[in-house]
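Me: I should be grateful for a close look at one part of this model, namely its salt bridges and the helix contact beside them. Please treat the matter as one connected account.

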Amino acid sequence: MGDPNSGLTEQLVGGSDAHSEHREVSLLLTELRLSRAAELARSGAYPEAESLLRMYPPSELPIAGLDLLARICAQQGRLEEARGWWEEVLKRDPENRPARLALEKLGQVQASDRDGHAGGRRWWAALKHRFFAKLPAPRQTHALEVQVPGLQVRTEGDKKLSITFEFHPFGDAGAGLNEKGKKALSLLGWQLEPWVGKISIEIVGQPDHLPETLEALPADVAALGMTRAYAVFNHLVQTTKLQARMFSLRTGEEFLTLLPSHTSPEASLQCPPILLRVFFLSR
């Protein structure tokens, strides 16, 4: 099985001659997936968390991923599977203290069961909740850091982020998201999930170019912008834990205020097809 990030990274960095950049993006995506899996596990979504981790062959999972798999198995009472993953951690890092302690506790539970005592099992059940601490509350507003290959993020003061694409997220200049756009949006949504209740998101959809003449301002131009905004909204709501009430959608108004001096083909202005603005809510 190959690198599960290879298809996306090839699209984002654009060629085999960018090996170091490819590796950097691949490591970033792995880190993001591990972070996402940890968040899912903390919220009790164990199957979803485990499926993210199993996208990798065990040999390609970092130690943190193996440990997370062990914790997920242990939390669900799959103690033998948990033992196997922690043993794999120790093969790579014989001095890994958390894995050693976990295996010692597992041994105590299993020995207690063999002796016919239920105390060890009850102790284990009482301990399980410690594997996944409660998700931390977001820190100060300026602590939100968005890192997604292919997205450009600008901070506007301490109250707003503006996010645009460095590539075209729609296929054939229409309103259907391409796979590259979907993956980038999902990664963005996962990073914004801990901020639910702390932010609102405005999605601005636009055509690719401002119209060349004042006569070229039909309703379908505005409709294209709104359809694109809705496609982004729908994908984020369906693939992440962001809530519909967090969003507002609109189309860009630049082409509605086009001046006569801007009507020539040479003066036609380029528009970002999607602009996302993240606003921090007042406390």
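Reply: In this predicted model, the side chains of Glu-50 and Arg-78 form a salt bridge, with N and O 3.0 Å apart. Glu-50 belongs to helix α3 (residues 46-53), while Arg-78 sits in the loop between α4 (63-75) and α5 (79-92), so the pair ties together parts that are 28 residues apart in sequence. The two partners can also be described by their accessibility. Glu-50 counts as buried because its relative accessibility is 11%, which is under the 20% limit. Arg-78, at 23% relative accessibility, counts as partly exposed.

This pair is part of a wider arrangement: Glu-50, Arg-54, Arg-78 and Glu-81 are linked in a network of salt bridges.

Glu-50 also takes part in the packing of helices. On the α3 side of the contact with α4 are Tyr-46, Ala-49, Glu-50 and Leu-53. On the α4 side, these residues meet Gly-65, Leu-68, Leu-69, Ile-72 and Gln-75. Sorted by class, the contact of α3 with α4 comprises six nonpolar, two polar and one charged residues. As for geometry, the axes of α3 and α4 are 10 Å apart, and the helices pack at an angle of about 150°. Since angles over 145 degrees count as roughly antiparallel, α3 and α4 are therefore roughly antiparallel to each other. Their crossing is left-handed.

Helix α5 holds a salt bridge of its own, between the side chains of Glu-88 and Lys-91, with an N to O distance of 3.9 Å. Both Glu-88 and Lys-91 lie in α5, three residues apart, or about one turn of the helix. Glu-88 is partly exposed, its relative accessible area being 25%, whereas Lys-91 is exposed, with a relative accessible area of 65%.

A further salt bridge joins two strands. Arg-250 pairs with Glu-202, and their closest N and O atoms are 3.0 Å apart. Arg-250 is found in strand β4 (residues 247-251) and Glu-202 in strand β3 (residues 199-205), so this pair ties together parts that are 48 residues apart in sequence. Of these partners, Glu-202 counts as buried at 15% relative accessibility, and Arg-250 is partly exposed, with a relative accessible area of 25%.

The model contains nine salt bridges in total, among them the Glu-50 to Arg-78 pair, the Glu-88 to Lys-91 pair and the Arg-250 to Glu-202 pair.

Technical notes:
Residues numbered from 1 in each chain as written. Predicted model: local features only at pLDDT ≥ 70, side-chain atom pairs only at ≥ 80, totals over all residues. Heavy atoms only, no water. Salt bridge = Lys/Arg side-chain N within 4 Å of Asp/Glu carboxyl O. Helix = DSSP H or I, 4+ residues; strand = E, 2+ residues; numbered from the N terminus. Buried < 20%, exposed > 50% of the residue type's maximum accessible area, 1.4 Å probe, protein only. Axes fitted to C-alpha atoms, helices over the stretch in contact; angles between N-to-C directions. Parallel < 35°, antiparallel > 145°, perpendicular 65-115°, else oblique. Left-handed = near helix turned anticlockwise from the far one by under 90°. Contact = heavy atoms within 4.5 Å. Nonpolar A, V, L, I, M, F, W, Y, C, P; charged D, E, K, R; others polar.
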